[in-house]
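This is a short briefing on one protein model. Please keep the sequence and the coordinates at hand while reading.

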Amino acid sequence: MTDLTFDRNFDVTPDIPVRVSPLIRRVLVNNPGPYTFKGTNSFIVGSGRVAVIDPGPDDDAHLAALLEAVRGETVTHILVTHSHADHSPLARRLKAATGAVTMAYGAVQAPPVSGLRLDASIDHDFVPDHRLADGDVVRGPGWTLEALYTPGHMSNHMCFALEEEHALFAGDHVMAWATSVIAPPDGDMGQYFASLRKLLERDDEVYHPGHGPSRRDPLPLVRGYLAHRRMREEAIRARVEQGARRVEDIVAAIYADVDPRLHGAAALSTTAHLDHLVQQGKLRKVDGTYETL
């Protein structure tokens with residue numbers, strides 16, 4: 001059984017800390033948009049000596065809100081799921097204010113590119129103090145975070161598993177409010193499929209994503225993501241077989257009923273699917289267009 005029903009019930013006031021579990025506080029950034037939903041979720045883990053996950057964009061009000069939320073506490077670690085501009089830039093100023101060490105997978109693989117990048121342009125300036133590998137563990141008093149490498153949405157995307165609560169900070173890998181955009185050249189659909197399957201091997205009880213509400217019993221959602229992506233890929237392949245060659249022609253046909261504001265994101269994910277089909281030997285790319293073999 002798959003479950004791709006979305007939950008957009010997320011009435012949260014920006015920059016006001018909300019306790020979502022005994023070990024977790026969430027502080028929403030005031031950066032709503034078509035791709036960020038109500039804004040980016042920053043998380044504070046622990047009490048006394050704490051970690052901050054995804055401090056967010058370079059925003060004065062949010063920096064002040066985070067520092068107020070941890071007043072009287074010590075921020076020991078700043079963890080970043082990935083270096084999109086709505087997740088990582090504030091890490092620099094939060095580090096300067098707290099002395100915490102920044103931690104993430106590392107810098108992105110793709111060079112800067114021009115063109116549509118939605119609200120999530122790449123923060124090429126972000127380089128963590130400490131690079132995490134898959135399976136690395138970060139500890140504090142009463143909390144344990146394991147790094148889980150999940151490339152696809154970005155080449156440096158990581159989730160973080162909170163052992164004590166069987167919870168996963170899912171970043172933009174899996175969200176309850178919408179599917180994730182895979183934007184080449186740094187986003188890779190083949191890696192994304194593999195990273196989704198990786199989550200199916202785990203027993204996390206709740207996901208806390210980078211945008212939108214948390215999701216309990218998350219594995220049906222992951223299966224729904226996989227089924228949706230397989231279905232979308234087959235539809236794209238069928239359109240090419242019917243004669244569509246350009247990304248914009250495929251998007252116009254497949255996403256006709258989707259809000260036009262989201263067609264840019266659809267074009268990026270469609271390109272990622274087409275490239276994945278080429279990698280699998282199901283299509284070929286010739287002069288920027290796609291065709292059957």
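Which residue of β7 does M103 stand opposite? M103 stands opposite H130. The model is a predicted one. Two open sheets, some ring contacts and a helix pair are covered below.

**Seven-strand sheet**

- An open sheet is formed by 7 strands, in the order β1-β2-β3-β4-β5-β6-β7. Its pairing is mixed.
- β1 and β7 (130-131) are the edge strands, and each pairs on one side only.
- Strand β6 (residues 101-104) and β7 run parallel, with 2 bridges joining them. The M103 and H130 pairing belongs here, with H130 in β7.
- Helix α1 (residues 60-69) lies across β2 and β3. Its direction is at about 160° to β2.
- Helix α2 (residues 91-98) lies across β4 (49-53), β5 (74-79) and β6. It runs at about 155° to β5.

**N41 in β3**

- Strand β3 contains N41.
- Is N41 buried or exposed? N41 has a relative accessible area of 1%. That is under the 20% limit, so N41 counts as buried.
- The C-alpha atoms of N41 and V29 are separated by 6.3 Å. Along the chain, these two residues are 12 residues apart.
- Leaving aside residues up to four places away in sequence, N41 touches F10, R26, V27, L28, I53, D54, P209, G210, H211 and G212.

**Six-strand sheet**

- A further open sheet has 6 strands, in the order β8-β9-β10-β11-β12-β13. The pairing is mixed here too.
- Its edge strands are β8 (137-140) and β13 (215-216), each paired on one side only.
- β8 and β9 run antiparallel and are joined by 4 bridges. R139 stands opposite T144 in β9.
- The hairpin of β8 and β9 has 2 residues between the strands. In this hairpin, G142 takes a positive phi near 90°.
- Strand β9 (residues 143-149) is mostly covered, with 6 of its 7 residues buried.
- β9 and β10 also run antiparallel, joined by 5 bridges. L148 stands opposite C159 in β10.
- Strand β10 (residues 158-162) pairs with strand β11 (residues 167-171) in the antiparallel sense, over 3 bridges. F160 has F169 in β11 as its bridge partner.
- Strands of a sheet pair through backbone hydrogen bonds, either parallel or antiparallel.

**Aromatic rings**

- The model has 4 aromatic pairs.
- One of them is F10 with F37, a stacked pair. The ring centres are 6.3 Å apart, with 20° between the planes.
- Why does this pair tie together parts that are 27 residues apart in sequence? F10 lies in the segment before β1 (18-21), whereas F37 lies in the loop between β2 (24-28) and β3 (41-45).
- F10 is buried, with a relative accessible area of 3%. F37 is buried at 12%.
- F37 also forms a stacked pair with W177. Here the centres are 4.5 Å apart and the planes differ by 10°.
- The F37 and W177 pair links distant parts of the chain, 140 residues apart. F37 is in the loop between β2 and β3, and W177 is in the loop between β11 and α3 (189-200).
- W177 is buried, as is F37.
- Together, ring pairs link F10, F37 and W177 into a cluster.

**Charges over rings**

- K38 lies over the face of F37, at 5.3 Å from the ring centre.
- R131 has its charged end over the ring of Y105, 5.3 Å from the centre of that ring.

**Helix pair α3 and α6**

- Two packed helices are described by the angle between their axes and the distance between the axes.
- α3 and helix α6 (residues 263-279) pack at an angle of about 90°. Their axes are 8 Å apart.
- Angles of 65 to 115 degrees count as roughly perpendicular, so α3 is roughly perpendicular to α6.
- Which residues make the contact? On α3 they are M189, G190 and F193. On α6 they are S269, A272, H273 and H276.

Terms used: Residues are numbered from 1 along each chain as its sequence is written. This is a predicted model: local features need pLDDT of at least 70, side-chain atom pairs count only at pLDDT 80 or more; totals for chains, interfaces and linings use all residues. Side-chain values use heavy atoms; hydrogens and water are left out. Two strands pair if DSSP finds at least two bridges between them. Buried means under 20% relative accessible area, exposed over 50%, partly exposed in between (1.4 Å probe, protein chains only). Rings of Phe, Tyr and Trp (its six-membered ring) pair if their centres lie within 6.5 Å; planes under 30 degrees apart count as stacked, over 60 as edge-to-face and the rest as tilted. A charge sits over a ring if NZ of Lys or CZ of Arg is within 6 Å of the ring centre and within 35 degrees of the ring normal. Axes are lines fitted to C-alpha atoms, for helices over the stretch in contact, and angles run from 0 to 180 degrees between N-to-C directions. Angles under 35 degrees count as roughly parallel, over 145 as roughly antiparallel, 65 to 115 as roughly perpendicular and the rest as oblique. Contact means heavy atoms within 4.5 Å.
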